[in-house]
Amino acid sequence: MSASKYKSDLLIGGEWTETSQQFPVLNPASMEVLSEVSDASPDDALQAVGAAHDAFSHWSQTSSRQRAEVLRRAFEIMTDEIEDCARLIALENGKAWRDAMGEATYAAEFFRWFSEEASRIAGDFRYAPNRDKTIIVDHRPVGVAYMITPWNFPAAMATRKLAPALAAGCTAVLKPASETPLTALWVADVLQRAGAPAGVVNVITTSTSGKVSSAVLADPRVATLSFTGSTYVGKLLLAQTAQRVLPSSMELGGNAPFLVLEGADVELAVVGAMDAKMRNGGSACTAANRFYVHESLAADFAQHFQLALAGLRIGPGIDQANDLGAMVSVKERDKVLDLLGKAEGEGAKPVAVSEAPEFGAFMAPRIVRDVQHGSTLTRDEIFGPVAPIVSFSSQDEAIRMANDTDYGLISYVFAKDNGEGIKVARRMESGMVAVNRGVMSDPAAPFGGMKESGLGREGGFAGVHEFLESQYFAVDL
Ligand code: NAP
């Protein structure tokens, strides 16, 4: 085992396994190396698949009560040690302390929710309509689940997959993002301490995700893929899973519209905009990407939003006094700056509302008024603290512009009341709609997108079914 103060080796079959090669994990607020982490090869990854496959025969036969108790203990351990988790998130991801604590708490809640769901996995019993047979439907664990997670929620994206998989009776091989592997290793350690038997949860950290994942997905012992990340990588993976007709759950990119309709409460909309845009510094698939504001409210909204953004204190996430931390890497920050450069080339006029520290991967929020619908900032996923504002004159026009995208993860609707908000929400082409509020994620709700934002749902009652396969028995009873 390596000497790092963080868990930094692969977890295979219950053993922490060091590899000959390592790769560095940086703190994006200081650019210091936090840890050198084991760099899995395709062979290492296949060993993890073997361990998960061996563990499946036992784990899939345990009682749902036993599995629930492991998950419940994981929730309790994580809750007792919530600040340790938040510290790791803030250090390797860069996000502000409040966001890191919010994520750690949200992540732990998936263990609680799916500990409660484990024993509620129910089959179906009914008579065929013409009564010539009885239909019995069983749901059984699909097998070894391969999970790939992004860097923006290193704890929650792992628990949102691990908890339902374990509740269902599946075993897991988790591959976290190379920028943020430490939190995932910590989560796996929590599950070990909670009593998950050796091999039920395996973690492979790697700097060669493409090669490693191709080897894993080609292995017939792997039964399902659960991916969270960009639509671009999701499509590459779907091309591979198609070769084996492998079930694939995809939580992909977003381009969330945020509508402020005529008559909406501007103050409430600005509070919602701060949540929807700035949680995680804008690096969230749920982040409001483009603001469509009725022309009667646009100037007022922009002015108050700008003031609120300017009030954010920027600095290392680990310092609890800061509201906005670093972005995950200089590379990700520069991607956002490139997008802004492109927008400026199209005539956009971004205003930096404050100043960011000059070291590390920091970026000051930008507000961009009078943006044209169809321009770069309304088409591409920004994934940073940039808020483009488009004004509109009619509700139909706003809804048309909001739906004019290949993505369909989430929309925000601020209306004069909830009744109007829900009417408009029904017309949004997105898997989720927040009405008169800026935050909606909840382990008890189905999270997922329409169109190119994904396939399947995580959380809620649906989440566990991503890891179950139904089998129908016909019988004369
Ligand atoms: P990404 O580049 O797609 O990476 C996601 C994961 O895929 C990482 O673990 C990455 O590993 C891995 N990966 C990259 N290339 C791969 C390949 N060729 N084969 C197999 N795995 C590969 O996305 P990201 O930049 O980390 O995350 C941001 C994206 O995730 C955004 O588009 C965001 O909207 C989306 N997201 C969606 C949800 C949702 O629930 N819908 C939630 C969070 C984020 P490496 O780190 O080694 O590259």
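**Exercise 1. Place Asn403 in the predicted model: which residues does Asn403 touch beyond its sequence neighbours, and is Asn403 buried or exposed?**

Step 1. Set aside residues up to four places away in sequence; Asn403 then touches Arg427, Met428, Glu429 and Lys451. The model is a predicted one.

Step 2. Find the element. Asn403 sits in helix α13, residues 395-403.

Step 3. Look for a polar contact. The Asn403 side chain reaches the backbone oxygen of Arg427 at 2.9 Å.

Step 4. Apply the cut-off. Buried means under 20% relative accessible area. Asn403 has 15% relative accessibility, so Asn403 counts as buried.

**Exercise 2. Work out where Ser329 lies and what Ser329 is in contact with.**

Step 1. Ser329 belongs to the loop between α10 (298-310) and α11 (330-345).

Step 2. Check burial. The relative accessible area of Ser329 is 14%, so Ser329 is buried.

Step 3. List the contacts. Leaving aside neighbours within four places in sequence, Ser329 is in contact with Pro28 and Ala361.

Step 4. Compare sequence with space. Ser329 and Leu88 are 241 residues apart in sequence. Their C-alpha atoms are 15 Å apart.

**Exercise 3. Do the same for Ala276: which helix holds Ala276, and which residues does Ala276 touch?**

Step 1. Ala276 lies in helix α9, residues 266-278.

Step 2. Relative accessibility is 4%, so Ala276 counts as buried.

Step 3. Not counting residues up to four places away in sequence, Ala276 touches Phe258, Thr286, Ala287, Ala288, Tyr412 and Gly438.

Step 4. Take one distance. Ala276 and Glu466 are 190 residues apart along the chain, and their C-alpha atoms are separated by 27 Å.

**Exercise 4. Describe the nonpolar cores: how many residues has the largest, and which helix gives the largest share?**

Step 1. Start from the general rule. In soluble globular proteins, nonpolar side chains tend to be buried together.

Step 2. The largest nonpolar core here has 109 residues. Those with the most contacts inside this core are Phe111, Leu162, Leu191, Phe258, Phe291, Phe301 and Phe305.

Step 3. Helix α4 (residues 97-118) gives the largest share of this core, 11 residues.

Step 4. Zoom in on Leu162. Not counting residues up to four places away in sequence, Leu162 touches Met147, Ala172, Leu174, Val187, Leu191 and Val201.

Step 5. A second, separate core has 25 residues, including Leu261, Leu340, Ile382 and Phe392.

**Exercise 5. Map the ligand site: how many residues surround the ligand, and which polar contacts do its oxygen atoms make?**

Step 1. Count the surroundings. The ligand is surrounded by 30 residues; the closest are Thr149, Ser209, Ser230, Leu252 and Glu381.

Step 2. Take Glu381. A polar atom of the Glu381 side chain is 2.5 Å from a ligand oxygen atom.

Step 3. Take Ser178. Here a backbone N or O atom lies 2.8 Å from an oxygen atom of the ligand.

Step 4. Take Trp151. An N or O atom in the Trp151 side chain is 3.0 Å from a ligand oxygen atom.

Step 5. Now the surface. The ligand taken alone exposes 900 Å², and the protein buries 87% of that.

**Exercise 6. Judge the overall fold: which radius of gyration does the protein chain have, and what would a compact globule have?**

Step 1. The protein chain has 14 helices and 22 strands.

Step 2. A compact globule of 477 residues would have a radius of gyration near 23 Å; the chain has 23 Å, so the two agree.

Step 3. Along the principal axes, the C-alpha atoms fill a box of roughly 65 × 65 × 40 Å.

Step 4. Of the 477 residues, 58% count as buried.

Step 5. Among contacts with a separation of 6 or more, 72% join residues 24 or more positions apart.

Step 6. The chain exposes about 18900 Å², and carbon and sulfur atoms supply 50% of it.

How values were computed: Residues are numbered from 1 along each chain as its sequence is written. This is a predicted model: local features need pLDDT of at least 70, side-chain atom pairs count only at pLDDT 80 or more; totals for chains, interfaces and linings use all residues. Side-chain values use heavy atoms; hydrogens and water are left out. A nonpolar core is a set of buried Ala, Val, Leu, Ile, Met, Phe, Trp, Tyr and Cys residues joined through side-chain atoms within 4.5 Å. Buried means under 20% relative accessible area, exposed over 50%, partly exposed in between (1.4 Å probe, protein chains only). Helices (H or I, at least four residues) and strands (E, at least two) are DSSP runs, numbered from the N terminus. Contact means heavy atoms within 4.5 Å. A residue is near a molecule or strand if one of its heavy atoms lies within 4 Å of it. A polar contact is a pair of N or O atoms within 3.5 Å; within protein, one must be able to donate a hydrogen and the other to accept it, and residues adjacent in sequence count only if both atoms are side-chain atoms. Accessible areas come from the Shrake-Rupley method with a 1.4 Å probe; for residues, only the protein chains shown count as cover. The radius of gyration is taken over C-alpha atoms; the globule rule is 2.2 Å times the number of residues to the power 0.38.
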